[in-house]
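Visitor: I'd like to learn how to read the empty space and the sheet in a model like this. Could you walk me through it?

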Amino acid sequence: MFSADDQRPMARALQLAQRGLYTTEPNPRVGCVLVRDGVVVGEGFHARAGEGHAEVNALAVAGERAQGATAYVTLEPCAHFGRTPPCCEALIKAGVARVVSAMEDPNPLVSGRGHQRLREAGLAVLCGLLEPQARALNPGFIKRMGQGLPYVRIKQAMSLDGRTAVASGESQWITGAPARSDVQRLRARSSAILTGSGTLRADNPALTLRAEQLDLANAAEVVQRQPLRVVLDSALRMPLDAAILQQPGTTLVVHNPGDRDKAAALIQAGALLAERDSRDLQGLLRWLARDYQCNELLVEAGATLSGALLQAGLVDELVIYLAPTLLGSSARPLFQLPLERMAEQRRLVLRDQRLVGTDLRLTYTLALGEEN
């Protein structure tokens with residue numbers, strides 16, 4: 001189906017797509033390589049929503065050399081008018097002879113229609129080359145389009161004895177500077193950051209992107225898009241002078257109906273407020289996906305909210321920074337999970353482990369089926 005000559009340009013297209021990891025929100029990260037007679041004639045990637053898609057950018061580089069070429073694209077070319085015209089029409093107009101896609105677009109507005117339009121125009125179309133790698137680039141976009149939910153990633157820092165904060169709730173800083181810089185990259189790829197009122201009162205976090213900590217060549221560009229900050233604060237206990245309210249970007253406070261005077265004061269302080277049932281976590285996630293086009297949600301919260309999300313089966317990934325320190329038996333646990341029997345344990349699958357400074361970063365997904 002695919003030749004050996006197809007592998008390298010698709011791998012290159014995936015590398016190009018990676019360049020948009022922190023900037024394409026809410027669009028997917030996509031790369032494209034054009035090859036004619038064994039020679040690369042054009043490359044492109046999608047950098048920002050509203051700007052040219054990967055195929056259009058690659059065609060601009062190739063010019064007339066695109067005639068008769070093969071286009072290697074990490075996602076099915078779009079077939080609808082959005083902020084930009086359909087990419088499949090641009091490929092047809094340029095005279096591209098063959099299109100190899102890594103995967104079908106999960107967006108219902110596309111979902112096979114791009115490939116169909118290309119075939120109708122006489123182009124040879126293949127799909128599925130390096131699909132697992134392509135899917136790994138856009139877990140949030142895929143989940144939002146397919147399930148109406150964001151990809152939920154919990155970030156926690158813990159001591160060697162499994163504690164996240166001392167008894168008072170104070171947790172700054174368990175990990176070292178390299179790990180905190182690594183967290184900045186998790187924030188940068190996220191549409192939104194979710195925290196709870198308890199974490200807010202204990203640590204007074206800013207939850208922002210900071211160029212000096214990002215350690216990226218395009219850090220100044222990346223920080224121009226601050227992720228939406230979402231605070232689950234059912235009783236509106238957030239202090240009016242909270243650091244999160246002094247930052248660039250938007251702070252969205254989700255609360256139950258209650259104190260109208262406090263709500264008005266928070267609005268005056270710069271917050272955006274939304275009344276929702278704080279117990280309906282799945283409803284909250286669906287709302288963020290629908291109304292805020294939230295692809296990837298990073299949870300930076302304490303044991304209660306993180307545990308509730310796990311208990312509800314709403315977590316896709318855990319990123320745990322294990323610090324070489326001990327906080328003691330009276331310190332706070334990683335998650336509040338009311339489990340009483342061994343049969344209730346939550347098995348995890350280790351997907352990645354690496355040293356970040358002196359801390360060990362462990363990435364897990366929840367085990368399913370036989371893995372459990």
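Guide: Let's start inside. Glu 25, Asn 27, Arg 29, Asn 138, Gly 140, Phe 141, Asn 295 and Glu 296 line the largest cavity. On a 1 Å grid over the protein atoms alone, a cavity is a set of points where a 1.4 Å probe fits but cannot get out, and lining residues have an atom within 4 Å of a point. This is a predicted model: local features need pLDDT of at least 70, side-chain atom pairs pLDDT 80 or more, while totals for chains, interfaces and linings use all residues. Residues are numbered from 1 along each chain as its sequence is written, and side-chain values use heavy atoms, without hydrogens and water.

Visitor: How is the lining of the largest cavity divided into nonpolar, polar and charged residues?

Guide: It has 1 nonpolar, 4 polar and 3 charged residues, with Gly counted as polar.

Visitor: And the sheet: what is the strand order?

Guide: In general, strands of a sheet pair through backbone hydrogen bonds, parallel or antiparallel. Here an open sheet of 5 strands runs β2-β1-β3-β4-β5, with mixed pairing. Strands are DSSP runs of E, at least two residues, and two of them pair if DSSP finds at least two bridges between them.

Visitor: Why do β2 and β5 each have one side without a neighbour in the sheet?

Guide: β2 (39-45) and β5 (124-127) are at the edges with a single partner strand each, so one side of each has no neighbour in the sheet. β4 (residues 98-101) runs parallel to β5, joined by 4 bridges; Arg 98 has Ala 124 in β5 as its bridge partner.

Note on methods. On a 1 Å grid over the protein atoms alone, a cavity is a set of points where a 1.4 Å probe fits but cannot get out, and a pocket is an open set with protein on both sides within 12 Å along at least five of seven lines; lining residues have an atom within 4 Å of a point.
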